[in-house]
Each structure stands twice: as structure tokens, then as C-alpha cells.
Amino acid sequence: MLVLAALADRLNREAGRPAIPSLYFFTDPKRTPDPARIAAKLPRGAAVVFRHFGAADRAETAHRLARICRARGLILLIANDPLLAHKVGADGVHWPERSLGRSGAHLNTASAHSARALARAKNRADIAILAPIFSSRSPSATHPLGPLRAGRLARAATLPVIALGGVNARTAKRLLGRGFAGLAAIDGLTDA
């Protein structure tokens with residue numbers, strides 16, 4: 001986890017130090033059944049993106065994550081649910097590409113999988129999460145962009161871009177100097 005955090009911070013410095021988290025932990029109900037355990041280990045200033053996918057216990061888990069994030073100085077984003085974000089006092093909302101919106105939240109992030117999606121995100125989000133960069137276990141990661149193409153997209157974007165998809169301590173090194181403002185991971189942080 002520390003190696004990935006250091007690489008994320010380096011990318012953020014290379015991008016001119018935009019005032020955003022450089023490291024994002026994306027939860028997944030199947031791959032991270034206990035997201036609080038991972039959140040409790042994240043370095044101060046990292047972000048937790050709670051993707052609940054409509055889980056029955058989403059409110060309870062969101063409240064638990066909110067308590068951990070406040071205590072540890074982490075940023076909490078709730079995926080696709082501004083009402084839940086408001087209820088738990090989250091810092092913002094993360095929007096899937098297919099339902100990109102804009103909430104009154106302090107921070108809005110948006111998933112993007114193409115140049116077109118990055119262009120749409122610039123008017124509705126503060127940060128874009130570009131994915132998948134590398135092969136990953138995510139069911140949506142069918143065609144990785146690769147570091148070269150993803151880097152071109154990140155450099156051309158008009159908002160900070162975070163790399164997601166197959167990102168771990170080994171693959172993240174291939175993203176240095178490519179225009180990313182940070183890293184996001186699921187397995188790359190759970191395996192640490």
C-alpha cells in the first residue's frame with residue numbers, strides 16, 4: 001500500500017499538485033467485502049469510493065466508512081447516490097459514466113472509458129477516473145486502454161485524471177510521466 005501511495009503522490013506532483021487526493025480506494029461488494037478494514041489502513045488524504053451497487057446494508061456500511069474516514073483524515077465519495085452521500089456527510093459523489101450527474105457535493109468524480117467520456121466529464125465533475133488502464137479482474141475491464149493510449153487521453157483532458165484498472169505497485173510505475181494526477185485501485189490496495 002505504501003509503494004502505491006508513494007507512486008500516486010509522485011504522479012500528483014508531476015501533474016502540478018492539483019488539490020485532489022492522489023490515491024483512491026474503490027470498494028467492490030464481492031472483492032472487498034470488508035471495505036472498512038482497508039480504509040483503516042489508507043494513508044491520510046487518500047479517498048475511499050464506496051460503490052455499493054444497491055446492497056441492502058449500504059447505509060450501515062456508508063456510516064461505518066464515514067466514521068473511519070473522518071477519524072483518519074480520508075475523503076469519502078459515495079457512488080451514484082447523492083442522497084446517501086448527504087446522509088452520511090460524505091465529501092462527494094462518484095458518478096458512473098452511464099449516469100453522470102452533478103450533485104451539490106463538495107467533490108464530484110466521474111468514471112470515463114474514452115475521450116468522449118472525458119469530454120463529458122469536464123463540465124460535470126472535478127476529477128475523471130479513467131479505466132481500465134491494464135487488465136484487471138473487474139467484469140467491466142474488457143478492453144484495457146494501455147498506458148500509452150491512456151496517457152494521451154490524460155494529457156489531453158481538461159480536468160485531473162486518475163488511473164484505474166489493474167493498477168498495483170508494479171503496473172503503476174508504467175504510468176509515471178503520462179499525465180495522470182493519481183492512482184485508483186481495488187486489488188492493488190487489498191493485496192497490500
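Which residues of strand β8 are buried on one side and on the other? The legends below answer this first and then turn to other parts of the structure. The model is predicted, and local features need pLDDT of at least 70, side-chain atom pairs count only at pLDDT 80 or more, and totals for chains, interfaces and linings use all residues. Residues are numbered from 1 along each chain as its sequence is written, and side-chain values use heavy atoms, with hydrogens and water left out.

**View 1. Strand β8 is covered on both faces.**
Strand β8 spans residues 182-185, with G182 and A184 buried on one side and L183 and A185 buried on the other. Buried denotes under 20% relative accessible area, exposed over 50%, and partly exposed the range in between, with a 1.4 Å probe and protein chains only. Helices (H or I, at least four residues) and strands (E, at least two) are DSSP runs, numbered from the N terminus. Strand β1 (residues 23-26) runs parallel to β8 and is joined to it by 3 bridges; within this pair, F25 has A185 as its bridge partner. Strand β7 (residues 161-163) also pairs with β8 in the parallel sense, over 2 bridges, and here I162 stands opposite G182. Two strands are taken to pair if DSSP finds at least two bridges between them.

**View 2. F180 belongs to the largest nonpolar core.**
This core has 53 residues, and L76, L130, F180 and L183 touch the most other members. A nonpolar core is a set of buried Ala, Val, Leu, Ile, Met, Phe, Trp, Tyr and Cys residues joined through side-chain atoms within 4.5 Å. Beyond four places away in sequence, the residues that F180 touches include L11, L130, I133, A154, V161 and L175; contact means heavy atoms within 4.5 Å. A second, separate core of 15 residues includes V49, L107, A131 and A184. In soluble globular proteins, nonpolar side chains tend to be buried together.

**View 3. Helix α6 has a buried side and exposed residues on the other.**
Within α6 (residues 147-156), P147, A150, G151, L153 and A154 are buried. These residues lie on the same side of α6 because they cover an arc of only 160 degrees around the axis, the arc being that of the directions from the helix axis to the C-beta atoms. L148, R152 and A156 are exposed on the other side of α6. Among the elements covering the buried residues of α6 are α5 (115-121), β6 (127-130) and β7.

**View 4. Helix α1 also has its buried residues on the same side.**
The 13 residues of α1 should span 18 Å at 1.5 Å a residue, and the end C-alpha atoms are 18 Å apart, which agrees. The expected span is 1.5 Å times one less than the number of residues in the helix. The buried residues of α1 are L4, A5, L7, A8, L11 and N12. Their arc of only 165 degrees around the axis puts them on the same side of α1. An α-helix has 3.6 residues a turn, so residues three or four places apart point the same way. The cover over the buried residues of α1 includes β1, β8 and α7. L7 is found in α1, which comprises residues 2-14, and counts as buried at 9% relative accessibility. Leaving aside neighbours within four places in sequence, L7 is in contact with A169, A172, K173, L176 and L183. After α1 comes G16, whose phi is positive, near 90 degrees.

**View 5. Salt bridges link distant parts of the chain.**
The structure holds 6 salt bridges, each defined as a side-chain nitrogen of Lys or Arg within 4 Å of a carboxyl oxygen of Asp or Glu. D28 pairs with R51, and their closest N and O atoms are 3.7 Å apart. D28 lies in the loop between β1 and α2 (35-39), and R51 in the loop between β2 (47-50) and α3 (58-72), 23 residues apart. D28 counts as buried at 11% relative accessibility, and R51 counts as buried at 17%. A salt bridge also forms between the side chains of R31 and D187 (3.1 Å, N to O). R31 is in the loop between β1 and α2, whereas D187 is in helix α7 (residues 187-190), 156 residues apart. R31 counts as buried at 18% relative accessibility, and D187 is buried with a relative accessible area of 15%.
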